[in-house]
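Student: I'm new to this structure and would like a close look at one part of it. Could you walk me slowly through the place where the two chains meet, and set it in its surroundings?

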Number of protein chains: 2
Amino acid sequence: MNDPALNTPSAAPSLAKLTALVADDLAKVNQTIIQYVKSDVALIEQLATHLIAAGGKRLRPSLTLATSQLLGYEGDRHIMLAACIEFIHSATLLHDDVVDASELRRGEATANALWGNEASVLVGDFLLSRAFQMMVDDGSIDVLRTLADASATIAAGEVKQLSLKGRIDAPMQDYFDVIQAKTATLFAAACELSAIAAGKNEDRENMRQFGMSLGMAFQLIDDALDYSGDASTLGKTIGDDLREGKATYPLLMAYQRANDDDKKFLQQVFEFSDKNTTDILIRIQEIFAKTQAISATVDCASGYLSKAKKAVDIYSDCYAKTALLDTLDFCVSRSA
Amino acid sequence: MNDPALNTPSAAPSLAKLTALVADDLAKVNQTIIQYVKSDVALIEQLATHLIAAGGKRLRPSLTLATSQLLGYEGDRHIMLAACIEFIHSATLLHDDVVDASELRRGEATANALWGNEASVLVGDFLLSRAFQMMVDDGSIDVLRTLADASATIAAGEVKQLSLKGRIDAPMQDYFDVIQAKTATLFAAACELSAIAAGKNEDRENMRQFGMSLGMAFQLIDDALDYSGDASTLGKTIGDDLREGKATYPLLMAYQRANDDDKKFLQQVFEFSDKNTTDILIRIQEIFAKTQAISATVDCASGYLSKAKKAVDIYSDCYAKTALLDTLDFCVSRSA
């Protein structure tokens, strides 16, 4: 793991070092997840297994594991805490998909599409409650406070996003408030937990800032990616946020910078977003090109990236630090 | 409060003594609720205020307050804990109404009818998370464990109820499992919290049993009331559970005791429960009368009532004890 050759920066940013760094611990996290998802109620296990076992990048729990290594933590509390983070994330996804009426996630049928909204709402509640049971098993009131606060902030952020639905003229600050609450807060908590587990109170704020900045950058790029893609497959792969009436950074920026004609067009499209055709999406991409909305979004993400780098830079060089720096670069340069 | 004249049993069971006993504390609970429901996000405050401020009987938090007095607790932790119980209950109601697609509760429009399912799901998440923040403010890991366990059990019970939907031949034990999890567990926790707050570990199990038995009786009577009512207003006031495909004690009992013809009729009605007419509901009431399904339900509730009484009987006579005994009688004899 600590082979100095591995500490050189990678040519193309990837999660390879993060994956290698946390592989052993992540296997234990997966065991813990399987153990805590067990229930006498068959439907809970089926649905939760579909959701959690299906996987995805496991980026958030991996951050808990990687920052624990950065801080030199040698116990095993970080395994349970990383599993907690994944449970809270999964509960949020289940309820998000109900709220957005999504039918696909990561190319797979969503739980609400397979089992119905009712089961998704209730199993989401179960996973959130189970996460709190796991925190109680861990026994730290600091952990409980961090994740209870995060959980309330996430829900409040989701409600705020809902109340901004369809508002293409919303102030940019509202967008930042929403993504900080609904996305960056859990990244921040995932990293802060390591400092708590390691008993390093002096690192809590720094780890929190690292996770928060990374989370902001991650969501900004996510929102940019929603508008990227090939024109020939436009209808399929881009514009979900537009259809759901979510005014994200690229759209808000394009609207602010657009000329009066384009402003009017964007406003109309956004109000009747369920009627988007490929023609409309192509004109939107043209407006995005004129206003440089996507590159503005990437620039904004890069600003957060720099903040996150500063938070990691204070630590001595080690494999965990390199893996985290690679992760930052990957999150901003990724194309999916 | 401790006027001995008030300690005589009431003629007609009512909540009058419970109400008098907890009035001052309940006013403080309401203040605490208002304080913790505050949010920068206007929609959260609107929806939560509609739900929580609208009130209802506040039976669960009143149990925390009354049992605290029974145990001679003199601090003020029970105020926050009672508010926690109401938050968890409210979160459950919000999600229940989404799952059942209910439009009315206590004769008022439900939150999902007014603000949509999306807001109800997310504000429910917020209230549950806020409850955990309140527990963290209280600072007791025993409280956190009790309510995290309760919360997971409630969600699991709701999922189990969902998977039993439409099964008129479900084993009676499944029904008991469901109501214990989804209803009685929160009553049990509401009462156990008093013993935790009072630092009386020796009373925890007894308080828990008291709340659990009361909760079972309460839900059985609720399920009986769903089938009671005047034939002329049948369609409006009864049979919600039937329409939602919930096989509760009275229906399961009627089905088990019915002759083959009636069994077949009940089975068919239940499978196509959205088509119920007044004629059908009248025949169902006739079958209920023949099989004595309602009185069997009340008998079953009375059994739990006796258990709950035993749990309170061990305490010295006092106003709180009388109020709790009255509450038991009221819960089984109530007609709404």
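Tutor: Happily! Let's start with the fold of one chain. In chain A, 75% of the contacts with a separation of 6 or more are between residues 24 or more positions apart. Please keep in mind that this is a predicted model. Chain A has 16 helices and 2 strands, and 59% of its 336 residues are buried.

Now for the way the two chains are arranged. A turn of 180 degrees, with a shift of 0.0 Å along the axis, lays chain B on chain A with an RMSD of 0.0 Å. That is how a two-fold axis relates two copies. The copies meet through the same surface, because 100% of the interface residues of chain B are also interface residues in chain A.

Next, the interface itself. On it, 35 residues of chain B are in contact with 35 residues of chain A. Between them the two chains bury an area of about 3,200 Å², and carbon and sulfur atoms give 78% of that. Three residues are worth finding in the view: B:Leu122, B:Val136 and B:Val159 supply 18% of the area that chain B buries against chain A, more than any other three residues.

Polar and charged groups take part as well. There are 8 residue pairs in polar contact between chain B and chain A, counting pairs with both residues at pLDDT 80 or more. Four helices of chain B, namely H2 (42–54), H4 (77–100), H6 (117–138) and H7 (141–163), each supply at least two residues of the side that touches chain A. Sorted by class, that side of chain B has 21 nonpolar, 6 polar and 8 charged residues. The rule also finds 2 salt bridges across the interface. In a salt bridge between the chains, the side chain of B:Arg145 meets that of A:Asp137, with 3.2 Å from N to O.

Let's stay with helix H4 of chain B for a moment, where B:Thr92 lies. B:Thr92 counts as buried because its relative accessibility is 17%, and the limit for buried is under 20%. Apart from its neighbours within four places in sequence, B:Thr92 is in contact with B:Ile154 and B:Glu158.

To set the interface in its surroundings, look at salt bridges elsewhere; the structure holds 28 of them over all chains. In one, the side chains of A:Asp177 and A:Lys160 meet at 3.3 Å, N to O. This pair links distant parts of the chain, with A:Asp177 in helix H8 (residues 172–197) and A:Lys160 in helix H7 (residues 141–163) of chain A, 17 residues apart. A:Asp177 is partly exposed, at a relative accessible area of 32%.

In chain B, B:Asp262 and B:Lys290 form a salt bridge whose closest N and O atoms are 2.7 Å apart. Here too distant parts of the chain are linked: B:Asp262 is in helix H13 (residues 260–271) and B:Lys290 in helix H14 (residues 278–291) of chain B, 28 residues apart. B:Asp262 is buried, with a relative accessible area of 5%, whereas B:Lys290 is exposed, with 56%.

Finally, have a look at a group of four in chain A: A:Asp142, A:Glu192, A:Arg204 and A:Arg208 are linked in a network of salt bridges.

Definitions and conventions
Residues are numbered from 1 along each chain as its sequence is written. Chains are lettered from A and ligands numbered from 1 in the order in which they are written. This is a predicted model: local features need pLDDT of at least 70, side-chain atom pairs count only at pLDDT 80 or more; totals for chains, interfaces and linings use all residues. Side-chain values use heavy atoms; hydrogens and water are left out. Copies are superposed by least squares on the C-alpha atoms of residues with pLDDT of at least 70 in both. Contact means heavy atoms within 4.5 Å. Buried area is the accessible area (1.4 Å probe) that two parts lose on being put together, summed over both. A polar contact is a pair of N or O atoms within 3.5 Å; within protein, one must be able to donate a hydrogen and the other to accept it, and residues adjacent in sequence count only if both atoms are side-chain atoms. Ala, Val, Leu, Ile, Met, Phe, Trp, Tyr, Cys and Pro count as nonpolar, Asp, Glu, Lys and Arg as charged, and the others, Gly among them, as polar. Buried means under 20% relative accessible area, exposed over 50%, partly exposed in between (1.4 Å probe, protein chains only).
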